[in-house]
Amino acid sequence: MEYQVQSLGDPRHLPANENLRKRRIKEALWGYFFILPQLVGVLAFALIPLIVVFYLSLTTWDGLGPIQFVGFQNFIDQFQGDDLRIAFFNTLLYTLIVVPGGLVLALLVALGLHRVGGKDIYRVLYFMPVVTGPVAIAVMWAWLLNSDYGLINSLLRNAFHIQGPGWLTDSHVVIPSIAMVSIWGGLGFNMIIFLAGLQGIPATYAEAARIDGANKFQLFRNVTLPLLTPTIFFTSVISIINSFQGFDLIFVLTGGGPGKDSYTLVYHIYHLAFEVSNFGPASAVAVILFAILLALTIFQFQFQRRWVNYDV
């Protein structure tokens with residue numbers, strides 16, 4: 001014990017300890033320096049605007065005049081009105097089409113690409129819509145889906161003698177039409193994620209299943225699909241968030257119409273904030289959307305324990 005006390009008190013150990021402490025401080029400062037741009041971006045474009053939105057949701061403001069505090073009246077008015085209900089159910093219908101449809105199609109494409117040569121070429125082709133601007137995609141599809149002179153209805157009329165529907169003007173098909181465009185635009189992103197998940201599955205699992213006599217369907221159901229559940233979980237969370245926030249395609253293709261048949265939650269926020277300059281109710285709807293997405297994400301993370309398999 002006496003030797004340990006003398007050793008710790010030896011002045012020869014102090015410079016080394018001091019240098020180690022200074023080096024750790026220097027490394028920490030450099031770490032903070034490198035994350036500073038990202039931290040500033042998060043504060044400026046995420047946390048601070050979120051706090052401002054929560055505050056504005058309790059006020060009434062036209063963007064120029066004085067801000068008046070009204071408490072929860074904006075939320076009460078929104079829940080009592082029809083626009084929020086219409087926007088929510090349109091968004092829900094859009095999500096129910098886009099999420100499962102997009103994930104299933106992307107998984108099928110990834111399974112096909114996983115077994116063919118020239119994957120890089122197909123990756124580029126399928127990923128091109130992802131890097132294309134959503135406005136450009138919407139303009140192209142607005143021409144394709146035009147009920148009078150669009151390419152799709154022209155093909156149906158000339159080749160099959162079928163009168164195509166008003167894809168963007170018929171209240172019964174407008175949401176599925178926009179969902180179809182959204183699935184096409186996001187196919188490449190989900191496909192790349194699924195392809196990465198498939199390539200991360202060890203080949204020994206498939207070889208062992210084949211030795212045991214498993215056919216292709218049994219191999220997919222009992223080996224590939226369970227090991228792909230973390231990828232499915234990730235893509236489903238991202239897809240649900242993106243679908244609830246869908247706006248650009250709807251804005252360009254239909255403007256929320258016909259009537260309010262494609263009027264979604266984000267379009268409702270845009271209408272309140274920038275068309276009628278009522279930022280208080282718009283912020284209240286944004287808070288409601290934030291609460292919906294937060295609840296859905298928490299539910300997905302709680303429910304994923306029952307079906308996501310992380311053991312490889």
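**Legends for a predicted 312-residue chain**

**View 1. Surface of the whole chain.** The accessible surface adds up to about 19200 Å², and carbon and sulfur atoms hold 67% of that. Keep in mind that this is a predicted model. Buried residues amount to 34% of the 312 in the chain.

**View 2. Overall dimensions and fold.** Put a box along the principal axes and the C-alpha atoms fill roughly 100 × 75 × 35 Å. The radius of gyration comes out at 27 Å, whereas a compact globule of 312 residues would sit near 20 Å. As for secondary structure, the chain has 14 helices and two strands. Among contacts with a separation of 6 or more, 67% link residues 24 or more positions apart.

**View 3. Charged side chains.** There are 17 positive and 17 negative side chains here. The centres of these two sets lie 12 Å apart.

**View 4. Close-up on Thr231.** Thr231 belongs to helix 11, which runs over residues 229–244. Its relative accessibility is 12%, so Thr231 counts as buried, the cut-off being under 20%. Looking past neighbours within four places in sequence, you'll find Thr231 in contact with Ile193, Phe194 and Gly197.

**View 5. Close-up on residues 1–9.** Over this stretch pLDDT stays under 50, and the model gives residues 1–9 one contact beyond four places in sequence. Where pLDDT is low, the predicted coordinates shouldn't be read in detail. For the chain as a whole, mean pLDDT is 89, with 94% of residues at 70 or more.

Key:
Residues numbered from 1 in each chain as written. Predicted model: local features only at pLDDT ≥ 70, side-chain atom pairs only at ≥ 80, totals over all residues. Heavy atoms only, no water. Helix = DSSP H or I, 4+ residues; strand = E, 2+ residues; numbered from the N terminus. Rg over C-alpha atoms; globule rule 2.2 N^0.38 Å. Buried < 20%, exposed > 50% of the residue type's maximum accessible area, 1.4 Å probe, protein only. Contact = heavy atoms within 4.5 Å. Areas by Shrake-Rupley, 256 points an atom, 1.4 Å probe, with all protein chains shown as cover. Lys, Arg positive; Asp, Glu negative; His and termini not counted. Charge placed at Lys NZ, Arg CZ, Asp CG, Glu CD. pLDDT = per-residue confidence, 0-100.
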